[in-house]
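The questions below ask how certain descriptions of a model are justified, and each answer sets a value against the criterion behind it.

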Amino acid sequence: SVQVRLIGAAHMVMYLLMLVVPSLAILRGIGSGRGLSIYGIDVLQPTGVQIDFLVTPANILHGWLAWLLLVLIAGHVFMAMYHQLVRKDGTLSKMV
């Protein structure tokens with residue numbers, strides 16, 4: 001049905017954004033010359049040199065896509081609660 005396809009598409013977009021949004025943040029950090037540190041471990045040393053072709057797309061897309069991800073997550077939580085509290089169809093127990 002159309003509803004099942006829309007749900008599947010929304011989940012795929014949400015999972016894709018969970019990869020893309022942090023990747024853009026990493027590109028922006030690297031491109032700004034700050035380097036990359038993960039849990040206090042320097043993976044890439046800071047260079048102090050800005051690389052515009054990394055920073056510009058990340059600056060344009062990161063914020064908008066992060067807000068879209070937040071809206072999708074909020075919708076996901078809302079629908080899970082709706083199924084649990086209103087429809088009482090056991091969907092939440094299937095998710096966890």
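**Burial, helix geometry and the pocket**

In this predicted model, the residues of α1 that count as buried are M14, L17, V21, L24, G29 and G31, and what covers them includes α2.

Q: Why is H62 called buried?
A: The relative accessible area of H62 is 17%, and the term applies under 20%, so H62 qualifies as buried. H62 has its place in helix α2, which runs over residues 52–87.

Q: What does H62 touch, leaving aside its neighbours within four places in sequence?
A: With those neighbours left aside, H62 is in contact with V21, L24, A25 and R28. Of these, V21 and L24 are themselves among the buried residues of α1.

Q: What makes the pair of H62 and R28 a polar contact?
A: The side chains of H62 and R28 make this contact at 3.2 Å, and the limit for a pair of N or O atoms is 3.5 Å, so the distance satisfies the cut-off.

Q: How do you know that the length of α2 agrees with what a helix should span?
A: At 1.5 Å a residue, the 36 residues of α2 should span 52 Å, and because the C-alpha atoms at its ends are 50 Å apart, the two values agree. There is nevertheless a kink of about 30 degrees in α2, and the kink is centred on H62.

Q: How does the reach of α1 compare with the expected value?
A: With 30 residues, α1 reaches 42 Å from its first C-alpha to its last, which is close to the 44 Å expected at 1.5 Å a residue. Here too there is a kink, of about 25 degrees and centred on L17, a residue that is listed among the buried ones of α1.

Q: Why is A58 called buried?
A: A58, found in helix α2, has a relative accessible area of 0%, and since the term applies under 20%, A58 is therefore buried. Leaving aside its neighbours within four places in sequence, A58 is in contact with L24 and R28, and the C-alpha atoms of A58 and R28, although 30 residues apart along the chain, are separated by 5.5 Å.

Q: Why is H83 counted as buried, and V20 as partly exposed?
A: H83, in helix α2, has a relative accessibility of 16%, which is under the 20% cut-off, so H83 counts as buried. V20, in helix α1, stands at 28%, and because partly exposed covers the range between the 20% and 50% limits, V20 takes that description.

Q: Against what do the buried residues of α2 pack?
A: They pack against α1 (2–31) and α3 (91–95), and the buried residues of α2 include L54, V55, L65, L69 and A80. H83, with its neighbours within four places in sequence left aside, is in contact with K88, D89 and T91.

Q: What makes up the lining of the largest pocket, and which helix gives the most to it?
A: The lining has 16 residues, of which I7, H11, G75, H76 and M79 lie nearest the centre of the pocket. While α1, α2 and α3 each supply at least two residues, α2 gives the most, with eight. About 390 Å³ of space lies in this pocket.

Note on methods:
Residues are numbered from 1 along each chain as its sequence is written. This is a predicted model: local features need pLDDT of at least 70, side-chain atom pairs count only at pLDDT 80 or more; totals for chains, interfaces and linings use all residues. Side-chain values use heavy atoms; hydrogens and water are left out. Helices (H or I, at least four residues) and strands (E, at least two) are DSSP runs, numbered from the N terminus. Buried means under 20% relative accessible area, exposed over 50%, partly exposed in between (1.4 Å probe, protein chains only). A polar contact is a pair of N or O atoms within 3.5 Å; within protein, one must be able to donate a hydrogen and the other to accept it, and residues adjacent in sequence count only if both atoms are side-chain atoms. Contact means heavy atoms within 4.5 Å. The expected span of a helix is 1.5 Å times one less than its number of residues. The bend at a residue is the angle between axes fitted to the seven residues ending there and the seven starting there. On a 1 Å grid over the protein atoms alone, a cavity is a set of points where a 1.4 Å probe fits but cannot get out, and a pocket is an open set with protein on both sides within 12 Å along at least five of seven lines; lining residues have an atom within 4 Å of a point. Grid points are joined across faces, edges and corners, and a volume is the space filled by probe spheres set on the points.
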